[in-house]
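Colleague: I have not looked at this structure before. Could you walk me through how to read it?
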Amino acid sequence: MDSAKQLKSLLAERIVFLDGAMGTMLMNRGMPAGVSTEIWASEHRRELSEVHDSYIEAGSDVILACTFGGSVSKLGPGTVPVNRILAEAAIKAADGRAIPAASIGPSGELIKPVGNADWMNIYNGFLTQTKALTEAGISVFFLETFTDPRELKAAILATRDACPDGFISAHLTFSDNGRSGAGTSPTALAMFCEQLAVDAAGANCSTGPEGLLPVISELAMFSTKYITAEPNSGLPDSRGFYAMSPEQFASATEEMAWAGASIIGGCCGTTPSHIKALRRAVGIRSTEKVTKHSLQAFTSVDRVVTIGNAMLMVGESLNPTGRSDLKKAIKNGDHARIISFGREQEKADILDINLGLERLIPDGLVSRVFAGLCTGSPLSVDLSSPLNIEAAFMQLGGIGLLNSLMAAEKHIEERVGILLRHGGYAVLLPIDENGLAETPEARLKVINRGLAVLKEHGFPANRVFADPIVKALATGADPQCTLSTLMLFKKQGLLTIAGVSNVSHGLPHRDGINSAFLAALAIQGLDAGIVNVTNPVTARITAGAAVLAGRVNPADIDFPEDEDAENTGAEYRLRKALVRGDTAEAEAAASVLLDSGMQPERIIEECLAPAMDKLGSLYSAKKIFLPHLIAGAEAARALMALLKPRMQVMGKESHGTIVLATVKGDIHDIGKNLVSLFLSNAGFNVIDLGKDIPSETIVEAVRVNNAGAVGLSALMSSTASRMEEVLQLLQKNNLMVPVLVGGAVVTKEFAAQIGAFFAADAYSAVEAARKMLK
Amino acid sequence: MNTLPIQVVPALPTLKQVLWRSGCPPHKAGSDIEHSASYALDTLAELSGDAGNGVLLFDTAGRPSFLEGIWPERRITLLIATLGEKVDTLLAGPATLNRFMLDSAASVAVETYMKTLQAAVAEYLNMVPTKRIAPGYGDFPLSAQKEIIKLFPDSGVVCNESFMLTPIKSMTGVTGWIPQNN
């Protein structure tokens, strides 16, 4: 059995262990600093063999040849012989005790426009290296420490071309902010790997196991491939020492097994002791089954655009039809100007790029334009020649769109291979050898024929956007035909796209007609509209239609942030201090306001309330996190303590009384205490009974305090049943008050079953309480 | 059933682990939140003398089982680890940022403690562990918690009628063991 099959077979049984760092191990055996690790290792086979042996003895199932820096740009003419020697050394050391594999690192060059290297040259370099490794007998490849997904793609494609049946694990390395150096998120990497011919997606090196854990969790959530985790042993200190002990490393890295990783090893700073400790911590177990989230998305180097929520806006303006400035830039090969036109459509979810008559496009312009726009909005390749399409897709650092395919066999055959190779979605037109189908039913029939051809080539229907075709009103076309076709497509469950502005071609007052038609299509569920994104009305219609079509909750529509940067007075200071959770500054600013004669009620209304709203919206948008929210709430509590004694009528501002408790048998109250803090700050009179409270005591407290609502918390399923008991007891005592439930095991469904309101966290508990006590 | 003579010192989690557990990515924390997490770690360090653990070994080799032949040396351990009562005292009271961070830190700390304990058992037995489970995991009934606690009468950990442990930052674990060469 070859190594790739052996690895897959092992993965079917249990989590697989890789080895750890190579460079530091060789340095311990005399390798001087500053030399090429690969060349030194190839000349010191005994030392290399010792390192491989030590990892096998520590429990590594897979050992990686010392080929991380074995690229053409680093080894030049020595690439093939050095890689062969190092591969053979790993194979010999493995000797049936472990699976030999290759480590492939970045080329050492940056691809244009960031650097000077051509993507194709980088691909060819990886092809030379991986062919040498394959010929030496390697069939398992770990593509490690990449930061740019475009370079990673070059390595993936070259490896797959060199070893069609090999096992490929493709990794990026991530910073503390959860992004690769190029700005790629774990979700974007997962989406990318879903559509490329890789067996595993992963992350290595980064900033230690704690920092890598959320990356691995995110990858596992969105990827159906195996997940590989190779954290380093934290970051080295100024002397180059890694402080994390093997036990600390193993303890933190074990969490990745729980998060869904199938292949686990170590990167910089790890040793055989780290791998031994890791194997001891993780043990022999199958891959954890984690909940997978089905996601379809377009991606660029640094952006993920989800398909299926609101209609996606595809920027239409990078098209020379009717644009003399763009025509001129294309004719002159002025890629910088074209890129600048593209950046003008920054609001686009996807940017469509059409460069006009392709025989007139100067050489190299397609590559330069697509490379220049590889960050920001994902790209739609609106080109027809297969050569140009491939040149464009090569430059994408994510999942783009091909606009478009005709439903004709030969046309599809010439282009579908590019999508299968590079990943991507396709626009499918109801046009075949006989031209455009005229009726909605005929258009659906042609689309289905096209889908069948695509399926024969292994291209799935869920990566196809069917175009109902928008014809110009001025030609006598009936827009109802487009709408009816769209409805038929949606009924069949197809993704859909349309060039909306075509409808008004040749007519005056185009904006109004386009807007009306866009609204009609979007309400019918159009998934992507090719539109004028520079018109502010477009975004408003898209958002509004998403609500009307039931695709987005009205509460989730984004509103522009209310900035009052010019206000630097004490009111502004107080709001800012509350948002930042700065208690001392909040008290100082509030004192200034009180001394100036401002009434406490006004301070609450004009400072506290908007600050709490701001905190909530920042938290919802994941710009701040729970500890920040608590710090803000603490500052608010300090403010209220300052204001209350000065308020003329105590309790005047109370929004009602709510009894809070953790139910009988439950001794955990951190969540309930947070709810109590937030409700108090929001102006509710909170009667907090504490934890482990009998149902009868809760009911009695409602009666005695004439409470308008009850809030109950439970951590485990064994105590959640007490919530229902409280509801029944309230009913029995004719206390018809609404009950809010929450806690680790409590779900929306459970709350609905027992007839209670539900809050997922302390912040949403305030919203729920407001509704309950209205 | 044997009691293994293994006592380990609880290892503190790292600052980053505490921040992640609190729900906050470390690079977004800011100095106030980091300070609060550091305070939590310092507090836990002072309380380390209050912590305790226990290990029971069950050797089931030779008993009839469908595993006979593929798992000849069948060994199972029950593990218990607790940070002690003092943490509970510090966690009681209205919510504050410091209490919240201490709760997060103590949660990671008791898990880290359990991992350290398991690593020590692995060393002692010279065997490889299976996945460690605990009552409530999969179809392992939560009610088993009570039975496990009964086996550690001197641990200071008690289980209430809802199968929750006191001190709160306590946990149990069940691990199977496989020979190194298997």
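Colleague: How many bridges join strand 2 of chain B to strand 3 of chain B?

Modeller: Strands of a sheet pair through backbone hydrogen bonds, either parallel or antiparallel. In this predicted model, strand 2 (residues 52–59) and strand 3 (residues 75–82) of chain B run antiparallel and are joined by 8 bridges. To find your place, start at Gly54(B): its bridge partner in strand 3 of chain B is Ile80(B).

Colleague: In what order do the strands of that open sheet in chain B come?

Modeller: The order is 1-2-3-7-4, with 5 strands and antiparallel pairing. Strand 1 (2–3) and strand 4 of chain B are at the edges; each has a single partner strand, so one side of each lacks a neighbour in the sheet.

Colleague: Which strands does helix 4 of chain B lie across?

Modeller: Helix 4 of chain B crosses strand 2, strand 3, strand 4 and strand 7 (170–179) of chain B. Against strand 3 of chain B, the helix runs at about 145°.

Colleague: And how many residues of chain B are in contact with chain A?

Modeller: On chain B there are 39, in contact with 40 residues of chain A. Helix 1 (15–21), helix 2 (30–46), helix 4 (97–125) and strand 4 (127–129) of chain B each give two or more residues to that side. Helix 4 of chain B supplies the largest share, 9 residues. By class, this side of chain B has 20 nonpolar, 12 polar and 7 charged residues.

Colleague: Turning to chain A, which residues of helix 21 are buried?

Modeller: Thr538(A), Ile541(A), Thr542(A), Ala545(A) and Ala546(A) are the buried ones. Looking down the axis of helix 21 of chain A, you find them within an arc of 130°, so they line one face of the helix. On the other side, Pro536(A) and Leu548(A) are exposed.

Colleague: What do the buried residues of helix 21 of chain A pack against?

Modeller: They pack against strand 11 (312–315), helix 20 (510–523) and strand 20 (528–531) of chain A. You can check the length of helix 21 too: at 1.5 Å a residue, its 13 residues should span 18 Å, and the end C-alpha atoms are 19 Å apart, which agrees. Just after this helix, Gly550(A) has a positive phi of about 75°.

Colleague: How many of the residues of helix 11 of chain A are buried?

Modeller: 13 of the 14 are buried, so helix 11 of chain A is largely enclosed by the rest of the structure. Just after helix 11 of chain A comes Gly260(A), with a positive phi of about 115°.

Terms used:
Residues numbered from 1 in each chain as written. Chains lettered and ligands numbered in written order. Predicted model: local features only at pLDDT ≥ 70, side-chain atom pairs only at ≥ 80, totals over all residues. Contact = placed C-beta atoms within 7 Å. Helix = DSSP H or I, 4+ residues; strand = E, 2+ residues; numbered from the N terminus. Nonpolar A, V, L, I, M, F, W, Y, C, P; charged D, E, K, R; others polar. Expected span 1.5 Å × (residues − 1). Buried ≥ 20, exposed ≤ 12 C-beta atoms within 10 Å, placed from the backbone. Arc of directions from axis to C-beta. Pairing = 2+ DSSP bridges. Axes fitted to C-alpha atoms, helices over the stretch in contact; angles between N-to-C directions.
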